Amino acid sequence: MEKLQSLAGVAAPLPRANIDTDIITPMKFLTNARFDNMHERAFEPLRFLADGGENPDFILNKPRYRNAKFLITGRNFGCGSSRETAVWGIKGLGIRCVIAESFGDIFFNNCFQNSVLPIRLPAETIAELMAEAGDDQGNMQFQVDVATRTLTTPSGRSITFDLTVDRQTSLLEGLDDIAQTMKDDADTAAFQTEDRTERPWIYDLGTID
Amino acid sequence: MPPTTTEAKTLFENLWDSHVVRSLGENLDLLHVDRLLIHDLSGSRALTDLNERGLSVRNPELCLSMPDHSVSSLPGRTLASSPNGVRLGEALRDMSAAAGIPHYGIDHPNQGIVHIVGPETGFTLPGSLLVCGDSHTSTHGAMGALAWGIGSSELVHVLATQTIRQRRPGTMRITVDGELGDGVEAKDVILHIIGALGVAAGTGNAIEYAGTTIGAMSIEERLTICNLSIEFGARMGMVAPDDTTYAYLKGLPLAPQDEAWDRAETYWRSLPTDDDAVFDREETFRAEDIAPQITWGTSPGQTLPVNGIIPSPGSFVEAEMQYNAETALDYMGLQAGKTIAGTKVDRVFIGSCTNSRLIDLRRAAEVARGRQVAANVTAWVVPGSVQVKREAEAEGLHDIFLAAGFEWREPGCSQCVATNGEVVAPGERCVSTSNRNFVGRQGPKARTHLAGPAMAAAAAIAGEITDVRALAPTTGEG
Ligand code: SF4
């Protein structure tokens, strides 16, 4: 996994609640043989018109926001299915930081598996950030620094956000959960040995044929 | 490790604590995974990832795979009947075989939707920790299991390590007391709850459903309740195991047998929440207040009693909710202020991991018996598993459906998600017993109304959304 230590760029305001994973990556793309092109139709119902052309009103289609690295959006973002394609689609569009009042749980977790930073902030703060993101008079640059857990807005306002140490470390160092857990395999083996005497039925399923 | 009995604990805490392999600090634990269910949509992809990393499946004997999302539901189908089915189904079959993972292939007498098959075979057990790369894994909590849906990276993690890293969620108890009215089903109970609490109310929480209404429910009904937990953001939903659970499980092929059963049952009886245990949040509902539900919008929380009036966006306090209602009404082609009953429908889908078990099909068949599907409606019944199909046919339910003009199809996810190509056409309106009415869920521009099986069958007969309680009684065997 690549590192995410800091990020600077434009933030796209998407003031809408409950954007679900079916909007971000509609089910019809999930049977694709490849998943590295999920961004091509990400947000399809919002981003494209019925004739397949781009919807000029959608924020990420506006010239100023095409290269956005941040997305600021309403509450319960990424609710719905467990599909990790939702994170891949967003990341493929160049967005590495999503700021919302709340997130779907699984989506939130999936972000950290893909070096995307989800930040939860109170509703009032989100509204203020959206106003700043939508104001094209200034430099429009948002910045995030993972080490200090700080978000800096174009006006220079600095906001500290919550991030647990393990997630912070994995972003900073680009660490992969699987490799880490495999180092602890002796613990798993010990757990199973003891558990087998406690709950043997978990391990002896009988024949599945 | 067995649950300790020294302090008051919730069912959730007992389940969680008995699976901690190692604490990773800050509320993060490494948990042992007892059961992993694998389906065609994410399974072969995850196994490919695993192989590419040079890793192998740590405990294939604790896994079970089957195709469900991509398979065709066409009578007489094979993997080749659905374009995606061939590639995804064959890949899952071959990769499962290579990894030593037990597999219920398309021709297997136990094939079906993962969330139907797990409980009905005894693969899902009380006190077990079960995960699957599918958000509706919360379903299995109805067995007294700790179960939730995981993402692709987590799935590879579980395959490689038989563990999962998880932050301990908060706890919430939803108590439903009293007796349900005639024609009110488990689906109505959970839609009512989601409508009342809002689609984000459960976020970050593990829910326990309790109370006399839940206690009186069959396992199948509890599975329906837990299935929709994810639709209000909860990662897991569960019901404490009780005599109903043990009666359901005893003798199932993958459940413990003989002395192992006795030991297991003793253990399971130690799991339920202590009387004085404390939850982070409590909500209570009265069964009498719950009417048959039908959703009007594009989120499961946008639900109404079937005799209700379609709400106007202005009736919501928050601007965001107003906006959501406005866009939902527009997408659904509905007019605020009108009754929802009487809305013409084009399709009815009775199926999905929410409502395609035997008891669901019995409910729908009761309504269908001796009646005819309206001329303007295409109505499907898709049993959740081969076993459900077999049992339903043994009771003659398929004859009732066929005589009434329903199609009787093969098991799978089918029109719940339309991955197999079985879409609801653009602009068509479908009453569906599934769990998601999101924009485009059943196909581009498809309009979905969620309801229970009796209400769905009633809509098929009436050709419009209708109150199942108002259907005139029929006589005869149809
Ligand atoms: S039936 Fe629908 S909700 Fe259930 S697993 Fe299949 S696609 Fe998912």
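**Two sheets and the interface between chains A and B**

Let me start with chain B, where three strands make up an open sheet, ordered 1-2-7, with antiparallel pairing. Strand 1 and strand 7 of chain B are at the edges with a single partner strand each, so each has one side left without a neighbour in the sheet. Ignoring direction, neighbouring strands here are turned against each other by 25° on average. Before I go on, please keep in mind that this is a predicted model.

Now, a closer look at one pairing in that sheet. Strand 1 and strand 2 of chain B run antiparallel and are joined by three bridges. If you want a residue to click on, try Val20(B), which stands opposite Leu31(B) in strand 2 of chain B. And what packs on this sheet? It is a helix from the other chain: helix 8 of chain A, residues 185-198, touches strand 1, strand 2 and strand 7 of chain B. The direction of helix 8 of chain A makes about 145° with that of strand 1 of chain B.

That brings us to the interface. How many residues of chain B are in contact with chain A? The count is 78 residues of chain B, against 59 residues of chain A. The area buried between the two chains is about 5,800 Å², and carbon and sulfur atoms give 54% of it.

On the polar side, there are 23 residue pairs in polar contact between chain B and chain A, counting pairs with both residues at pLDDT 80 or more. Several elements give two or more residues to the side of chain B that touches chain A, among them strand 1 (20-23), strand 2 (28-32) and strand 7 (163-167), so to speak our friends from the opening, along with helices including helix 3 (83-99) and helix 11 (319-332) of chain B. Which element gives the largest share? That is helix 5 of chain B, with seven residues. By residue type, this side of chain B divides into 34 nonpolar, 24 polar and 20 charged.

Salt bridges next. Between chain B and chain A the count is eight. A nice one to show on screen has the side chains of Arg75(A) and Glu318(B) meeting at 3.1 Å, N to O. Over all chains, the whole structure has 35 salt bridges.

One of those within chain A deserves a minute. The side chains of Arg157(A) and Glu128(A) form a salt bridge at 2.7 Å, N to O. Where do the two residues sit? Arg157(A) is in the loop between strand 7 (150-152) and strand 8 (158-160) of chain A, while Glu128(A) is in helix 5 of chain A, so the pair, 29 residues apart, links distant parts of the chain.

Helix 5 of chain A, residues 123-134, leads us to my last stop. This helix lies across strand 2, strand 3 and strand 4 (97-100) of chain A, running at about 130° to strand 3. Those strands belong to an open sheet of four, in the order 2-3-4-5, with parallel pairing. Its edge strands are strand 2 (11-14) and strand 5 (117-120) of chain A, each pairing on one side only. From one strand to the next, the twist averages 20°. Strand 2 and strand 3 (residues 70-73) of chain A are joined by four bridges, and Ala12(A) stands opposite Leu71(A) in strand 3.

Thanks, everyone!

Conventions. Residues are numbered from 1 along each chain as its sequence is written. Chains are lettered from A and ligands numbered from 1 in the order in which they are written. This is a predicted model: local features need pLDDT of at least 70, side-chain atom pairs count only at pLDDT 80 or more; totals for chains, interfaces and linings use all residues. Side-chain values use heavy atoms; hydrogens and water are left out. Two strands pair if DSSP finds at least two bridges between them. Axes are lines fitted to C-alpha atoms, for helices over the stretch in contact, and angles run from 0 to 180 degrees between N-to-C directions. Contact means heavy atoms within 4.5 Å. Buried area is the accessible area (1.4 Å probe) that two parts lose on being put together, summed over both. A salt bridge is a side-chain nitrogen of Lys or Arg within 4 Å of a carboxyl oxygen of Asp or Glu. A polar contact is a pair of N or O atoms within 3.5 Å; within protein, one must be able to donate a hydrogen and the other to accept it, and residues adjacent in sequence count only if both atoms are side-chain atoms. Ala, Val, Leu, Ile, Met, Phe, Trp, Tyr, Cys and Pro count as nonpolar, Asp, Glu, Lys and Arg as charged, and the others, Gly among them, as polar.
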